[in-house]
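Here are my notes for you, written as a colleague might jot them down. Please keep the viewer open and find each residue as you read.

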Amino acid sequence: MRKPKKKHGLFFGITSRTLMAISAGLLLLSYLASYVNPAKAWFMTIFGLLYAPLLILNTFLLVWALFRRSRSFLIPLIAIAPSIFIIGKYFRPASETIAEDGKDLRIITYNVGRFSLSQGDGLKSWKECRDSVMAYLKSTDADIICLQEFQSESVRAMTSYLAGTMKDYRLNYYVKEGPGCCFGNVTLSRIPVRNKGRISFDNSANLAFYTDHEVGDKVLRVYNCHFQSYGISISRLAESMEADYKKTVRETEDRMRSSIIRRPEQVAQVMESIDNCPVGAIVVGDFNDTPMSYTYFRLCRGRKDSFEEAGSGIGATYSRLRPFLRIDYVLFPDIYNAVSHKVEHKKYSDHYPVEAVINLE
């Protein structure tokens, strides 16, 4: 006797379609995050941060619906479709390497995280971590090196150390001093610097500054930026959740909202400087925002992204949540082209260094 076909219950059908609709809706909101100023709707940034996992979830639901031969596959398919134009900001297939020539500019941006991950590579102190970082940087033969969260005992100690270890480079910096230490942004350059300037962010430990470099017959301004951090430690957050769940959730929300609202204000300051800049501007650093963010959207106007131009594989630069977070960038004037882009998986910081080569012809 022939068995009758199994029928899925009404509840299961409604539940699965509801899940698809919610997942699709959240993914669509993540697309909008780039265009909404967080100062007006701070929560939109959260959707932008969740773009990659939401894309994975919708892809899974699409495959599942196709496997079941359900017409509901259209829901995740429609939601995923715009990602055809976006996925290249997160992942790129391997591309043919372009030969470098004498008119290329090699630039590195690296948030060294105050050299606090010394234990990550078997090192005993932050000073040993610092020495390992500088040894790596010297080996790259970069023209310009932009560092964020560089720490030293004092400004004098920092300048003395860098003068001794990076003898071929000119030193420029913008740091903040505290009890027994200083930290901030450092730019090292083998190319002559003819001008520099600082951009101070109100009520923030983050900062930005620029240097004008004579590159052949051109002058280029390089902005070394570190925009507002979330200031959230995963380990401390876990401990606090155990002690007082409700208080921790409330405080974490307040901290995230505060940092998300501050970033567009800081970006506006940098953009004002760029708008008044008489030469081409390269913007690099730790943006603390993904490509699906208002920060990235504004700073990319008139500029190319070195990863999108010449990167390959997964572009994530934040080690603790790899492969989801790409928050460190090299953006350059759109009249030039990127020759290469590499994310080196060094263990000296919670960020990975980004190396980009830009052709200036």
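The numbered points below go through salt bridges, two helices and a set of paired strands.

1. Before anything else, please remember that this is a predicted model. Every point here describes that prediction, so to speak, as it stands.

2. Let's begin with charged side chains. The structure holds 15 salt bridges. One of them is between Glu355 and Arg106, with 3.8 Å from N to O. Glu355 sits in strand S14 (residues 354-359) and Arg106 in strand S2 (residues 104-111), so this pair ties together parts that lie 249 residues apart in sequence. Where do these two residues sit, buried or exposed? Both Glu355 and Arg106 are buried.

3. A second salt bridge joins the side chains of Arg114 and Glu149, at 3.9 Å from N to O. This pair also links distant parts of the chain: Arg114 belongs to the loop between S2 and helix H5 (126-140), while Glu149 belongs to strand S3 (residues 144-152), 35 residues apart. Arg114 is partly exposed, its relative accessible area being 28%. Glu149 counts as partly exposed too, at 22%. Buried means under 20%, so the 22% of Glu149 leaves this residue in the partly exposed class.

4. Now look at Asp217 and Lys218, whose side chains form a salt bridge at 3.7 Å from N to O. Asp217 is exposed, with a relative accessible area of 72%, whereas Lys218 is partly exposed at 23%. Some salt bridges share partners, and in this way Arg106, Lys342, Glu344 and Glu355 are joined into one network. You have already met Arg106 and Glu355 as a pair.

5. Helix H3 (residues 51-67) offers a nice check to try yourself. What span should its 17 residues have, at 1.5 Å a residue? The expected value is 24 Å, and the end C-alpha atoms are 24 Å apart, which agrees. The buried residues of H3 include Tyr51, Leu54, Leu55, Asn58, Leu61, Leu62 and Ala65. After H3 comes Arg69, which has a positive phi, near 55°.

6. Helix H6 (residues 155-165) is a good place to think about sides. Its buried residues are Val155, Met158, Tyr161 and Leu162. They cover an arc of only 135° around the axis, which puts them on the same side of H6. An α-helix has 3.6 residues a turn, so residues three or four places apart point the same way. The face of H6 turned away from the buried side carries the exposed residues Arg156 and Ser160. What covers the buried residues of H6? The cover includes H5, S3, strand S4 (170-178) and strand S5 (181-189).

7. Finally, follow strand S8 (residues 218-226). Seven of its nine residues are buried, so S8 is largely enclosed by the rest of the structure. Strand S7 (residues 207-215) runs antiparallel to S8, and nine bridges join the two. Leu207, for example, has His226 in S8 as its bridge partner. S7 and S8 form a hairpin with two residues between them, and Gly216 in the turn has a positive phi of about 65°. S8 also pairs with strand S9 (residues 280-286), this time in the parallel sense, over seven bridges. Here Cys225 has Gly285 in S9 as its bridge partner.

How values were computed:
Residues are numbered from 1 along each chain as its sequence is written. This is a predicted model: local features need pLDDT of at least 70, side-chain atom pairs count only at pLDDT 80 or more; totals for chains, interfaces and linings use all residues. Side-chain values use heavy atoms; hydrogens and water are left out. A salt bridge is a side-chain nitrogen of Lys or Arg within 4 Å of a carboxyl oxygen of Asp or Glu. Helices (H or I, at least four residues) and strands (E, at least two) are DSSP runs, numbered from the N terminus. Buried means under 20% relative accessible area, exposed over 50%, partly exposed in between (1.4 Å probe, protein chains only). The expected span of a helix is 1.5 Å times one less than its number of residues. The arc is that of the directions from the helix axis to the C-beta atoms. Contact means heavy atoms within 4.5 Å. Two strands pair if DSSP finds at least two bridges between them.
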